[in-house]
Amino acid sequence: MSERAKSCYLRSNSDSLTTIYLPDSTPIFIGRSPETNITDTKCSRQQVRLCADYLKHTVSVQQVGIRACGINGFKTQKDIRSIVKHNDYLEILYGKHIYQIEFNPPPKEKNNQKFVRKRSYDSEDESLSIDTTNSFKIRKIEDECNAIIQETINTNDYSKNEQDNEELNSTASTSKGNGIDNNKTKAIDCWEENKKLLIYTSSNVQNRTKIAAYDMDGTLIKTKSGLVFPKNCNDWQLLFPEVPKKLKQLYENGYKVVIFTNQGALGIDKVKLLDFKIKTERVVQKLGIPIQVFVSIGKDIYRKPAPGMWNELVNYKNGGLNIDKSNSFYVGDAAGRRKNWAPGKKKDHSKVDRLMAINIGLLFQTPEEHFLGHKIVPYVLPTFDPKALLKDDNICHPTDAKITSKKQEIIVLIGCPASGKSHFVKLYLNEYDHINRDTLGSWQKCISAMEQSLIQGKSVVIDNTNPDPASRERYIVVAKKYNIPVRCFLMTTSTEHAKHNNKFRELVDSSHAKITDIIINSYMKNYIPPTLEEGFTELVKINFVPRFFSEKDKELYEMYLLEN
């Protein structure tokens, strides 16, 4: 008996038709609908009733609509159920909207099949064979009886299959990160998913110490259409003919082949999850070796260049085996190459693949270097290097100037969002009354709170962005009213540094209010440097000096986090 199928789909060679999933032992109706993309008014909304049997690798087909469907070129009759198998063809309307039945894994082939008719359905003239051992017109009474018998068989077999799956999952969770059964082979295809990360493990993947890691789009595959983004799950082809051979050689040489891919469109439902899964499975099948695929669907620690997907592999998805970084590598097309890095080539859309390799300490190559043996071409790294920042002796202290005063005063902070103003206040100005618009809600309330503190004889610090003279003047006016000196503390944090701080904060503190790059860029556009002529008694430049709660946080901060 063939292995029970894990899934069943209706697939079409037509780009206009979507792939349809058929659950096990669950009748569904398909026809004219947004789910199929069939808009033909001659097709009923409930044109055909389908019910897949994963144990037998068959699908029962019952025409419900007025007009005939087609099965392998034969017309159906209304309300008469027929049985089709793996690779058989279903026409939702006779001669139109053609799908092929696909079980995964497919049933084992039998050598005693008899064939009576062939019909071409696609441009490659692939012939369709019809198995005459099953009649296409089965009397309803026979079908109903068989369905009752089969339901009993399915229930018993399903329970056994669920038990087997539970044992497999139990073994996997027991060995998770603890080194047990390190070289265990996963014998079935498996999808694991949450709101942040998808992981696909194809059958027979082996845990190994050497990792050959790849980006997917633009590295292993490209679109057939020539578009930047694929128009559907069928719009892909191998990037180079050499790709499968290279990966097979690496696999045979003891490498575990892994894919790390950012797919943010999945997180916002711009791409259908089912379509992406189908595409991924087909890509892996085309490459011809066992592969594990990590898919980031959000903007969090799993999204490249952040190391989350790599850490998931290291900590949980390699059977506890320590990875030999010196003999591992990462290949990707987002490499920071300049315009015309090859004749007529555009500059790379980002640097995330190269930056991820730097972050995790792997050798990096572009697809052209890796698969075609091309020489290394010039590339550009981000202007802000967080690791170099922490080694800069010039920012070991926030400033050489005197930070606090024994006399009552007002300090007006100036700096873009995420430049470190509030961080500086908490560390060095905690004795001052802290006036912040984010907390109070408006500059008018800030002025009111400021005056109350001054009347009580307290010093205050205005922790707002204050990008221009007009926003700063309102506080200087109050200072003059009470005859209290006002100093200006100017954050020296660059735009890229502020964006890095913002991203780091998002990754380690999900409760913090999110700030977009648009807000930071808008500040810099409107920024006018302060002068003493505005009424300040002193201008003090403040360096942002990070402090960390753990070594893990420090390690993350030193990595490239921006998608430059």
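**Figure 1. The whole chain.** Helices (H or I, at least four residues) and strands (E, at least two) are DSSP runs, numbered from the N terminus. By that count, the protein chain has 15 helices and 26 strands. This is a predicted model, in which local features need pLDDT of at least 70, side-chain atom pairs count only at pLDDT 80 or more, and totals for chains, interfaces and linings use all residues. Residues are numbered from 1 along each chain as its sequence is written, and side-chain values use heavy atoms, with hydrogens and water left out. Of the 564 residues, 48% count as buried (under 20% relative accessible area, 1.4 Å probe, protein chains only).

**Figure 2. A close-up of Met216.** Look for Met216 in the loop between strand E15 (210-214) and strand E16 (221-222). Met216 is buried, its relative accessible area being 0%. Beyond its neighbours within four places in sequence, Met216 is in contact (heavy atoms within 4.5 Å) with Ile221, Ile259, Phe260, Thr261, Gln263, Phe276, Thr280 and Val283. Asn262 lies 46 residues from Met216 in sequence, with 8.9 Å between their C-alpha atoms.

**Figure 3. A close-up of the largest cavity.** A cavity is a set of points, on a 1 Å grid over the protein atoms alone, where a 1.4 Å probe fits but cannot get out. The structure holds 3 cavities of 30 Å³ or more, and the largest has about 70 Å³ of space. Its lining residues (an atom within 4 Å of a point) include Leu355, Pro382, Phe384, Glu496, His500 and Tyr560. By class, the lining has 7 nonpolar, 2 polar and 1 charged residues.

Terms used: Buried < 20%, exposed > 50% of the residue type's maximum accessible area, 1.4 Å probe, protein only. 1 Å grid on protein atoms, 1.4 Å probe; cavity = no way out; pocket = protein on both sides within 12 Å on 5 of 7 lines; lining within 4 Å. Points joined across faces, edges and corners; volume = space filled by probe spheres on them. Nonpolar A, V, L, I, M, F, W, Y, C, P; charged D, E, K, R; others polar.
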